[in-house]
Amino acid sequence: MYRRWHHCRKEPSCHWRLLLAIFFSLLSSDLAAEQPAARVALVIDDVGNSASDREVIALPGPVTLSFLPFTPHSRHLARLAHESGKEVMLHMPMEAKAGNRLGHGALTNEMSQSELQSMLIKALQSLPHVAGVNNHMGSDLTESLPHMAWTMRLLRYYPLYFIDSRTSVNTCAEDVALATGVPALRRHVFLDNLQDQAAISRQFDQLIKLALRQGYAVGIAHPYPETLSLLQQRLPELTALGIELVPASALIDDENWAAREKIGTAPLAVRLPDTDITGAADSNGLAL
């Protein structure tokens, strides 16, 4: 060791090499330290029915807000959310097995391809700044391969990403999205199936554990007073745990699930029906 350093003293270039090695070692250590241990996307569903939903925009950090179409406050609040740096999604009503009341603009199993795509276009045009779509209810429709294929081919046209809320264990929505070339994620944790702060806090802990275990996680919550109160308290904890709160689209970018990269390269979990997007048109008259 002494001989090597003694030899270096006689060669100035050796000093520079040593200093550069130390510099890049420290730089790489700093960069590694700055990398978050995990990333979390938190989607707040059902926004737009009430003027009080404005409170979700005040949540700390880049929470993603998913708006119901054709609701009294959705368009105005979506614009405010975008101006406040929040990502906007369309929370698209889809038919449920329990026969739940879906409201105006829902996609149903009785719809033809043209009817479904025309309704989805109207819903997308009802909101500004839409970056992606997830399903509202939909335990029935998300099991239907043809209806999901029609849906995803339209989203690919725009293009938009899709998050499968996974309201059915037999959903094919995420698989069809990826097979169609639509960037897609799935919901991992529902935070507030029980509207109780202790229960919501336990689900928040579960979201954290899952994110740290697999590197990322997607949570879904709703604009309930109990949920908003808890999130105001606990969202700031994520930074201290080395977890970065990000918009949903950031997770899609991280996973390299860009639509063009997936087409023709990903193993398909489903075989799509041999149908094309026909019979529907956007506001410019373009056939889809």
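Let's start at Arg39, whose bridge partner in β8 is Tyr216. This is a predicted model, so please keep that in mind as we go. Further along the same pairing, Ile44 has Ala221 as its bridge partner in β8. Taken as a whole, β1 and β8 run parallel to each other and are joined by 6 bridges.

Now, what else does β1 pair with? One neighbor is strand β9, residues 243-245, again in the parallel sense, over 3 bridges. There, Ala38 has Ile243 as its bridge partner. Another is strand β2, residues 64-67, also parallel and also over 3 bridges. In that pairing Val47 stands opposite Phe67. As for burial, β1 is mostly covered, with 8 of its 10 residues buried.

Let me pick out one residue of this strand. Val40 sits in β1, which spans residues 38-47. Is Val40 buried or exposed? Its relative accessibility is 3%, and because buried means under 20%, Val40 counts as buried. And what does Val40 touch, leaving aside residues up to four places away in sequence? The list is Leu207, Ala211, Ala217, Ile243, Glu244, Leu245 and Val246. There is also a nice long-range pair here: Val40 and Gly215 are 175 residues apart in sequence, yet their C-alpha atoms are 8.6 Å apart in space.

Staying with the strands, let's look at β8 itself. All of it is buried, 6 of 6 residues across 216-221, so this strand is largely enclosed by the rest of the structure. A general reminder helps here: in a regular strand, side chains alternate between the two faces of the sheet. In β8 both faces are covered. On one side we have Tyr216, Val218 and Ile220, on the other Ala217, Gly219 and Ala221, and every one of them is buried. Besides β1, strand β8 pairs with β7, residues 189-190, in the parallel sense over 2 bridges. Phe190 is the residue that stands opposite Ile220 there.

One more strand pair before the helices. Strand β3, residues 87-94, and β4 pair in the parallel sense over 7 bridges. Within that pairing, Met89 stands opposite Gly132 in β4. Strand β4 covers residues 130-137, and 7 of its 8 residues are buried, so β4 too is largely enclosed by the rest of the structure.

On to the helices. Two packed helices are described by the angle between their axes and the distance between the axes. Let's do that for α4, residues 113-125, and α5, residues 145-157: their axes come within 10 Å and cross at roughly 45°. The two helices are therefore oblique to each other, and α4 passes α5 in a right-handed crossing. Which residues meet at this contact? From α4 we have Gln113, Leu116, Gln117, Leu120, Ile121 and Leu124, and from α5 His147, Trp150, Thr151, Leu154 and Leu155. By class, that gives 7 nonpolar, 4 polar and no charged residues.

Helix α5 also packs against α6. Here the axes come within 9 Å, crossing at roughly 45°. That makes α5 oblique to α6, and this crossing is right-handed. On the α5 side, the contact is made by Leu145, Met148, Ala149, Met152, Arg153 and Arg156, while α6 supplies Ala173, Val176, Ala177 and Thr180. Sorted by class, the contact of α5 with α6 has 7 nonpolar, 1 polar and 2 charged residues.

And how buried is α6? This helix, residues 173-180, is mostly covered, with 7 of its 8 residues buried. Those are Ala173, Glu174, Val176, Ala177, Leu178, Ala179 and Thr180. Right after α6 comes Gly181, with a positive phi near 95°.

Let me finish by stepping back to the whole chain. The secondary structure comes to 11 helices and 9 strands. Of the 288 residues, 49% count as buried. And if we take contacts between residues at least 6 apart in sequence, 73% of them join residues at least 24 apart. If you'd like to revisit one thing on the screen, try Val40 and Gly215, 175 residues apart in sequence and 8.6 Å apart in space, C-alpha to C-alpha. Thanks, everyone!

Methods. Residues are numbered from 1 along each chain as its sequence is written. This is a predicted model: local features need pLDDT of at least 70, side-chain atom pairs count only at pLDDT 80 or more; totals for chains, interfaces and linings use all residues. Side-chain values use heavy atoms; hydrogens and water are left out. Axes are lines fitted to C-alpha atoms, for helices over the stretch in contact, and angles run from 0 to 180 degrees between N-to-C directions. Helices (H or I, at least four residues) and strands (E, at least two) are DSSP runs, numbered from the N terminus. Angles under 35 degrees count as roughly parallel, over 145 as roughly antiparallel, 65 to 115 as roughly perpendicular and the rest as oblique. A crossing is left-handed if the near helix is turned anticlockwise from the far one by less than a right angle, and right-handed if clockwise. Contact means heavy atoms within 4.5 Å. Ala, Val, Leu, Ile, Met, Phe, Trp, Tyr, Cys and Pro count as nonpolar, Asp, Glu, Lys and Arg as charged, and the others, Gly among them, as polar. Buried means under 20% relative accessible area, exposed over 50%, partly exposed in between (1.4 Å probe, protein chains only). Two strands pair if DSSP finds at least two bridges between them.
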